[in-house]
Amino acid sequence: MDLPNRPTAKAAWPTNPAALMVNLKGQTGRTTSLAFSPDRCLLASGAQDNTGRVWEFGSRKPGERAVLKKDGDPFASVAFSPNSRWLVAGSGALNGTIWVFDVSDKTAQDVVTLRGAKGAITALSFSPDNKLIASGGEDHTLRIWEPVAGGTGTPKAVLKNHTSAIKSLAFAASNTEVATASLDKTARLWTLSRIRSTEKAVIPHESEVLSVAYVNSSTLATGSQDK
């Protein structure tokens, strides 16, 4: 008896090779960070040539829109605000400076400079509600900022428990929790409050933790040197 034909199983992921959309040239040093704006119209890059750059994708021909320079410092990290209007960039120098730019027009404008960290800023993120910035870096410290145009640039929370550099961080959708990944072989969860922000949990790993991302409000993904 002939057996009915069984449907061929489909690949779980697309198998077609990716096609190059555009090759953006201009940076003369190693590119260390990238971020797309949520509206998908802009791409920001940070590099060791002491510049940050904003690239436009909203037109038919993608290309460079703005070059950002600050005190001769390399740009170690970049992140867009949820409304795609602001870009935050972290210095790769020892001064630990963070700059916030308004990139809604073709000429980027300074909004506020955030100071207080020491060493390169290697991780940045805006909260989903657009009100807070989280930063982390070589001084092992998570800082929470409430950026205000022309403000003093003083952090509203300084959270210390990591014992090595923070390499990645992420806000939860609730805006009240941040996850951090560190070279001290831990990921940590922090609860944010206007009264007092505290450490919520420590997630040990067998090696350095390099990245974190929330899947949803109750699930966190981590990436580590432990493979």
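The following paragraphs walk through the strands, sheets, ring pairs and one loop residue of a predicted model.

Residues are numbered from 1 along each chain as its sequence is written, and side-chain values rest on heavy atoms, with hydrogens and water left out. Because the model is predicted, local features need pLDDT of at least 70 and side-chain atom pairs count only at pLDDT 80 or more, while totals for chains, interfaces and linings use all residues.

The overall picture comes first. The chain holds zero helices and 18 strands; both are DSSP runs numbered from the N terminus, helices being H or I over at least four residues and strands E over at least two. Its C-alpha trace spans about 80 × 45 × 30 Å along the principal axes. Of the 227 residues, 46% are buried, where buried means under 20% relative accessible area, exposed means over 50%, and partly exposed lies in between (1.4 Å probe, protein chains only). The chain exposes about 12900 Å², and carbon and sulfur atoms supply 49% of this area; accessible areas come from the Shrake-Rupley method with a 1.4 Å probe, and for residues only the protein chains shown count as cover. Among contacts with a separation of 6 or more, 39% are made by residues 24 or more positions apart, a contact being heavy atoms within 4.5 Å.

One open sheet is built from four strands in the order β1-β2-β3-β4, with antiparallel pairing. Two strands are taken to pair if DSSP finds at least two bridges between them. Strands β1 and β4 stand at the edges with a single partner strand each, so one side of each is left without a neighbour in the sheet. On average, neighbouring strands of this sheet are turned by 20° against each other, direction ignored; axes are lines fitted to C-alpha atoms (for helices, over the stretch in contact), and angles run from 0 to 180 degrees between N-to-C directions.

Within this sheet, strand β2 deserves a look of its own. Six of the six residues of β2 (residues 42-47) are buried, so the strand is largely enclosed by the rest of the structure. L42, A44 and G46 point one way from β2, whereas L43, S45 and A47 point the other way. Strand β1 (residues 31-36) pairs with β2 in the antiparallel sense over five bridges, and T31 has A47 as its bridge partner in β2. Five residues lie between the strands of this hairpin, and R40 takes a positive phi near 70°. On to β3 (residues 52-56): five bridges join this strand to β2, again antiparallel, with W55 of β3 as the bridge partner of L43. The β2-β3 hairpin has four residues between its strands, and N50 in the turn shows a positive phi of about 70°. Strands β3 and β4 also run antiparallel and are joined by five bridges; here R53 is matched with V67 of β4.

The rings come next. Two aromatic pairs are counted, under the rule that rings of Phe, Tyr and Trp (its six-membered ring) pair if their centres lie within 6.5 Å, with planes under 30 degrees apart called stacked, over 60 edge-to-face and the rest tilted. F36 and F57 form an edge-to-face pair, at 5.5 Å centre to centre and 65° between the planes. F36 lies in strand β1 and F57 in the loop between β3 and β4 (63-68), so this pair ties together parts that are 21 residues apart in sequence. With a relative accessibility of 15%, F57 counts as buried. The rings of F75 and W99 have centres 5.0 Å apart and planes at 35°, so this pair is tilted. It links distant parts of the chain, with F75 in strand β5 (residues 75-80) and W99 in strand β7, 24 residues apart. Both F75 and W99 are buried.

A loop residue rounds off this region. T97 sits in the loop between β6 (86-91) and β7 (98-102), and at 3% relative accessibility T97 counts as buried. Its side chain makes a polar contact of 3.1 Å with the side chain of N95. (A polar contact is a pair of N or O atoms within 3.5 Å; within protein, one must be able to donate a hydrogen and the other to accept it, and residues adjacent in sequence count only if both atoms are side-chain atoms.) Leaving aside residues up to four places away in sequence, T97 touches A89, G90, S91, T113, L114, R115 and I121.
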